[in-house]
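Colleague: Got a minute to walk me through this one? I'd like to start with what counts as a contact.

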Amino acid sequence: YSVAATNSLFSGAYWAVGMSSDPSSNSDWTSFVGTVTADGAGGMDYAPTTENHEGAVTMPNHSDTFVIAANGALTTSGGSRVGAITSDGKYAYLCGEGGAGAPCTLFLFVHK
């Protein structure tokens with residue numbers, strides 16, 4: 001980064017896809033597709049998002065908080081998911097657990 005990254009880099013609507021697996025069962029899969037809207041100030045909403053959990057489809061809404069470090073590292077609330085954002089803010093990813101005992105999830109974001 002030629003200029004230090006800040007939360008304002010993750011701003012606007014992003015197409016989002018994701019996949020998670022429950023490590024305890026190694027066969028319990030969930031996929032996600034939809035829109036994530038980041039406010040550039042540390043807040044983001046996953047809505048509307050279509051979730052397919054082993055064939056059961058739902059449309060949950062979810063909110064989270066994030067912090068972007070000067071080097072572009074992207075971390076959600078409590079450090080449960082970590083990733084990065086490109087210097088132009090067009091692409092980002094997050095990976096990790098949503099909390100203790102939660103499935104491991106990978107999210108990819110592309111700015112609309």
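Modeller: Sure. Contact here means heavy atoms within 4.5 Å. Keep in mind that this is a predicted model.

Colleague: OK, so what is Phe10 in contact with, leaving aside its neighbours within four places in sequence?

Modeller: Quite a list: Ala38, Asp39, Gly40, Met44, Phe66, Ile68, Leu74, Ile85, Ala92 and Phe109.

Colleague: And which residues touch the most other members of the largest nonpolar core?

Modeller: Phe10 again, along with Met44, Ile68 and Phe109. That core has 18 residues. Strands S1 (11–21), S2, S3 (43–53), S5, S8 (91–97) and S9 (104–111) each give two or more residues to this core. The largest share, three residues, comes from S2.

Colleague: Why would they gather like that?

Modeller: In soluble globular proteins, nonpolar side chains tend to be buried together.

Colleague: Switching topic: which side chains of S6 are buried, and which are not?

Modeller: S6 covers residues 73–76, and its side chains alternate. Leu74 and Thr76 point to one face and are buried. Ala73 and Thr75 point to the other face and are not buried.

Colleague: What does S6 pair with?

Modeller: Two strands. S5 (residues 62–68) pairs with S6 in the antiparallel sense over three bridges, and Phe66 has Thr76 as its bridge partner. S7 (residues 81–85) also pairs with S6 in the antiparallel sense, over three bridges. There, Thr75 is partnered by Val82.

Colleague: How many residues sit between the strands in the hairpin of S5 and S6?

Modeller: Four, and Gly72 in that hairpin takes a positive phi near 95°.

Colleague: Now the outside. Which residues form a nonpolar patch on the surface?

Modeller: Val17, Val33, Tyr93, Leu106 and Leu108, with about 410 Å² of accessible area together.

Colleague: Where is Val33 placed, and why can it be in a patch?

Modeller: Val33 is in strand S2, residues 29–39. Patch residues need over 30% relative accessible area. Val33 has 45%, so it is partly exposed and clears that cut-off.

Note on methods
Residues numbered from 1 in each chain as written. Predicted model: local features only at pLDDT ≥ 70, side-chain atom pairs only at ≥ 80, totals over all residues. Heavy atoms only, no water. Buried < 20%, exposed > 50% of the residue type's maximum accessible area, 1.4 Å probe, protein only. Pairing = 2+ DSSP bridges. Patch = residues over 30% accessible without salt bridge, like charges linked within 9 Å, V, L, I, M, F, W, Y side chains within 5 Å. Areas by Shrake-Rupley, 256 points an atom, 1.4 Å probe, with all protein chains shown as cover. Salt bridge = Lys/Arg side-chain N within 4 Å of Asp/Glu carboxyl O. Core = buried A, V, L, I, M, F, W, Y, C linked by side-chain atoms within 4.5 Å.
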